[in-house]
Amino acid sequence: MTTKNLQIATLGGGCFWCTEAVFQEVKGVEEVISGYSGGTVPGRPTYREICSGLTGHAEVVQVTFDANVISYEDILVIFMTTHDPTTLNRQGADRGTQYRSVIYYHDDKQKDIADLVLKEMKPYYEQPIVTELTSAPVFYEAEKEHQDFYESNPEYGYCSFVIDPKLAKLRKLHSDKLK
């Protein structure tokens, strides 16, 4: 049996329900936890506080993946192609700093890979990429009702209108990387 090489990627691409649903379909992903990171207010924030935009936190997912199955670079390419990295503090109708595009790196190797991916992705977008690249701050797990949201609520309107199209895009662009 091959030993797993588990690593963590922390990513914010708008609403964490969307990003979580995307990565739950990716081969090599062991776990996806929705949460909050990058704020200036100390202590564990709540969803209501995050939605106010006053804490400075972003909605993020913490993706635990087996690097023997999928690379960090591939994780980032999937991330960059399943949300709009050119809109500042916004994804679709979701607006506010909590919906910013962000890559939180966990070490220098991740930072270097993220720099490379961001440069490689530039030509694919008409507008400049505004994805923030920052050292990973404290991660706070979101409330239980936000975990596995799409899986638990596939008929919810937001899921049908916002998440389903993102998953269709994932399946079209990255079919070789899916479970």
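**Exercise 1. Backbone angles**

Where is the place of asparagine 89? Locate the residue, then describe its phi and exposure, and do likewise for aspartate 148.

Solution. The model is predicted, so local features need pLDDT of at least 70 and side-chain atom pairs count only at pLDDT 80 or more, while totals for chains, interfaces and linings use all residues. Residues are numbered from 1 along each chain as its sequence is written, and side-chain values use heavy atoms, with hydrogens and water left out.

Step 1. Asparagine 89 is in the loop between α3 (72-81) and β4 (90-91). Helices (H or I, at least four residues) and strands (E, at least two) are DSSP runs, numbered from the N terminus.

Step 2. The phi of asparagine 89 is near 55°, a positive value in a residue other than glycine. Most residues other than glycine have a negative phi.

Step 3. Asparagine 89 has 23% relative accessibility and therefore counts as partly exposed. The classes are buried (under 20% relative accessible area), exposed (over 50%) and partly exposed (in between), with a 1.4 Å probe and protein chains only.

Step 4. Aspartate 148, in the loop between β8 (139-141) and α5 (149-152), also is not a glycine and has a positive phi of about 55°. With 30% relative accessibility, aspartate 148 counts as partly exposed.

**Exercise 2. The cavity and α1**

Describe the largest cavity and the burial of helix α1.

Solution. Step 1. A search of the whole structure gives one cavity of 30 Å³ or more. A cavity is a set of points, on a 1 Å grid over the protein atoms alone, where a 1.4 Å probe fits but cannot get out; lining residues have an atom within 4 Å of a point. Grid points are joined across faces, edges and corners, and the volume is the space filled by probe spheres set on the points.

Step 2. The largest cavity holds about 40 Å³ of space. Its lining consists of Gly13, Cys18, Thr19, Val22, Phe79, Thr82, His83 and Lys166.

Step 3. By class, three lining residues are nonpolar, four polar and one charged. Here Ala, Val, Leu, Ile, Met, Phe, Trp, Tyr, Cys and Pro count as nonpolar, Asp, Glu, Lys and Arg as charged, and the others, Gly among them, as polar.

Step 4. Helix α1 (residues 16-23) gives the largest share of this lining, three residues. In α1, eight of its eight residues are buried, including Trp17 and Glu20.

**Exercise 3. Salt bridges**

How many salt bridges does the structure hold? Describe the partners of glutamate 25 and glutamate 132, and one network.

Solution. Step 1. The structure holds six salt bridges, each a side-chain nitrogen of Lys or Arg within 4 Å of a carboxyl oxygen of Asp or Glu.

Step 2. Glutamate 25 pairs with arginine 171, the closest N and O atoms being 2.5 Å apart. This pair links distant parts of the chain, 146 residues apart: glutamate 25 is in the loop between α1 and β2 (29-37), and arginine 171 is in helix α6 (residues 157-173). Arginine 171 counts as partly exposed at 40% relative accessibility.

Step 3. Glutamate 132 forms a salt bridge with arginine 100, with closest N and O atoms 3.3 Å apart. Because glutamate 132 lies in strand β7 (residues 132-135) and arginine 100 in the loop between β5 (94-95) and β6 (101-105), the pair ties together parts 32 residues apart in sequence. Glutamate 132 is partly exposed at 30%, whereas arginine 100 is buried at 9% relative accessibility.

Step 4. Lysine 177 and aspartate 176 meet in a salt bridge (3.2 Å, N to O). Salt bridges that share partners join Asp74, Asp176 and Lys177 into one network.

Definitions and conventions: 1 Å grid on protein atoms, 1.4 Å probe; cavity = no way out; pocket = protein on both sides within 12 Å on 5 of 7 lines; lining within 4 Å.
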